[in-house]
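Welcome, and please open the model in your viewer with a cartoon display. We will go from selection to selection, and at each stop I will say what is there.

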Amino acid sequence: MPDLKKRIAPEYRWLPHPLMTLTLLIIWLLLMNTISFAHILLGTFLGTIIPWFTNRFWPERPQISNPVLLLRFFFSPFLFDIIVANITVVRLMLQPDISKLTPGFIQIPLDTDDPMVISILASVISLTPGTVSSEVYLKERLLIVHSIDVPDPEAAVQTIKTRYEKPLKEIFLC
Amino acid sequence: MLKTAISIAFIMMVIAQLLNLYRLFKGPSLPDRILALDTMYIDAIALFILLGIYFTTTTTYFEAALIIAVMGFISTVATCKYLMRGDIVE
Amino acid sequence: MTIFIEFIVSFFLVLGAFFALAGSIGSYRLPDFFSRLHGPTKSTTLGVGSMAVASAIYFSFQSGRISLHEVLITLFLFITAPISAHFLAKAALHQRLHQKKEGTEKIS
């Protein structure tokens with residue numbers, strides 16, 4: 001267990017998580033459904049106060065190398081894949097002969113130890129249809145994924161590694 | 001046209017809820033039943049959104065949908081944790 | 001409220017209902033639990049998310065000012081869906097291991 005105090009750099013003592021402050025402000029404005037000045041002030045106040053109290057649970061900040069890359073990842077493989085692959089899965093589920101499907105587990109060897117990257121990767125895999133991440137073995141660096149239709153497990157592993165894991169590793173610097 | 005679309009969507013959602021109900025009663029294992037409950041609360045959100053568009057004057061339906069979303073997620077996680085550990089609070 | 005906006009809202013509503021229905025049909029038809037997990041967690045999430053977007057568009061044009069708070073539901077569903085799917089899968093694996101009394105064997 002690393003020393004928690006060392007992780008909080010002094011320049012972040014007053015604003016421990018700038019991104020979290022911004023997210024909380026946006027969520028507050030969405031919840032109130034206005035952009036009046038009073039609510040921006042209140043949202044900023046809440047966004048500053050809540051990270052103070054939850055700082056102990058989040059000692060480290062994610063290291064994002066390039067926000068543009070993150071945005072591109074969000075649109076190009078992620079959102080696009082959700083829509084396209086959902087249509088594929090719906091077609092698979094509505095086909096008349098359902099016994100043609102070959103569901104099975106596949107094992108993905110992970111290249112990283114970072115819990116942030118692993119959890120984001122697992123969430124992305126779960127959201128893109130056809131695959132649900134079901135178990136992580138941290139010591140063996142294995143991610144067990146259930147797929148609804150895998151005629152070729154090797155190719156599926158390669159696709160996931162090149163399509164999602166590599167960009168995520170570039171974005172989060174590890 | 002909008003009223004027709006809402007009716008069609010409503011009928012589809014009700015059929016979906018009935019299928020979930022079938023899975024809830026039939027489902028051979030406990031995770032199946034939890035999955036059916038999970039799907040049912042998401043579909044209930046959809047029904048509330050449809051009602052909110054149909055009765056435009058009030059935002060109560062939106063608030064109900066948001067509360068169902070929060071509570072449903074927590075209940076799913078709590079039930080799964082109970083199934084795994086036999087205990088919710090450790 | 002033009003006819004064009006009405007068309008877009010109707011389209012999103014019916015599309016969302018279709019995806020949600022497809023997810024439920026998947027959970028009705030598919031043979032084993034892990035296959036059933038795919039339908040509800042993703043098709044239904046996408047469907048309800050699309051309906052919430054339709055609601056946001058409708059209220060923005062109906063009241064004349066931007067009303068985006070339905071997007072919050074979409075956001076929340078998309079964040080929580082993988083987590084609950086993961087929990088369900090873990091619970092099912094745990095139960096299966098428990099039934100087979102093979103605590104040490106890994107699934108392959």
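The tour starts with chain A, moves through its sheet, and then turns to the places where chains meet. Keep in mind throughout that this is a predicted model.

**Stop 1: chain A as a whole**

Select chain A and colour it by secondary structure. You should find 6 helices and 3 strands. Walking from the N terminus, the order of elements is α-α-α-α-β-α-β-β-α. Of the 174 residues in chain A, 21% are buried. If you draw the contacts of chain A with a separation of 6 or more, 68% of them belong to residues 24 or more positions apart.

Now colour by domain: residues 4–53 of chain A form domain 1, and residues 67–172 form domain 2. Place a marker at the centre of each, taken over C-alpha atoms, and the two markers sit 32 Å apart.

**Stop 2: the sheet of chain A**

Next, select the strands of chain A. Which order do they take in the sheet? They form an open sheet of 3 strands in the order β1-β3-β2, with antiparallel pairing. Look at the two edges: β1 (104–109) and β2 (131–137) of chain A each have a single partner strand, so one side of each has no neighbour in the sheet. Tilt the view and you can follow the twist, since neighbouring strands are turned by 25° against each other on average, direction ignored.

Zoom in on β2(A) and β3 (residues 142–147) of chain A, an antiparallel pair joined by 6 bridges. Label Glu135(A) here, and you will find Ile144(A) of β3(A) opposite. Then add helix α5 (residues 115–127) of chain A, which packs on the sheet and touches β2 and β3 of chain A. The direction of α5(A) makes about 155° with that of β2(A).

**Stop 3: chain C**

Hide chain A and show chain C. Its secondary structure consists of 4 helices and 0 strands, so to speak a plain α-α-α-α run from the N terminus. Buried residues account for 56% of the 108 residues in chain C. Taking contacts in chain C between residues at least 6 apart in sequence, 59% link residues at least 24 apart.

**Stop 4: where chain A touches chain C**

Bring chain A back beside chain C. This contact involves 25 residues from chain A and 30 residues from chain C. On the chain A side, α2 (18–32), α4 (67–94), α5, β2 and β3 each supply at least two residues. The largest share of that side comes from α4(A), with 6 residues.

**Stop 5: chains B and C**

Finally, show chain B. With chain A there is no contact, and the closest C-alpha atoms of chains A and B lie 10 Å apart. Chains B and C, however, share the most contacts of the 2 pairs of chains in contact.

Select helix α2 (residues 30–54) of chain B and helix α3 (residues 38–63) of chain C. How do their axes cross? They come within 10 Å and cross at roughly 15°, and α2(B) and α3(C) are therefore roughly parallel to each other. The crossing of α2(B) past α3(C) is left-handed.

To finish, show side chains where these helices meet. From α2(B), the residues include Leu35(B), Ile42(B), Ile45(B), Ile49(B) and Ile53(B). On α3(C), among them are Pro40(C), Val48(C), Met51(C) and Tyr58(C).

Terms used
Residues are numbered from 1 along each chain as its sequence is written. Chains are lettered from A and ligands numbered from 1 in the order in which they are written. This is a predicted model: local features need pLDDT of at least 70, side-chain atom pairs count only at pLDDT 80 or more; totals for chains, interfaces and linings use all residues. A residue is buried if 20 or more other C-beta atoms lie within 10 Å of its own, exposed if 12 or fewer, and partly exposed in between; C-beta atoms are placed from the backbone. Two residues are in contact if their C-beta atoms, placed from the backbone, lie within 7 Å. Two strands pair if DSSP finds at least two bridges between them. Axes are lines fitted to C-alpha atoms, for helices over the stretch in contact, and angles run from 0 to 180 degrees between N-to-C directions. Domain bounds come from an automatic or database domain assignment. Angles under 35 degrees count as roughly parallel, over 145 as roughly antiparallel, 65 to 115 as roughly perpendicular and the rest as oblique. A crossing is left-handed if the near helix is turned anticlockwise from the far one by less than a right angle, and right-handed if clockwise.
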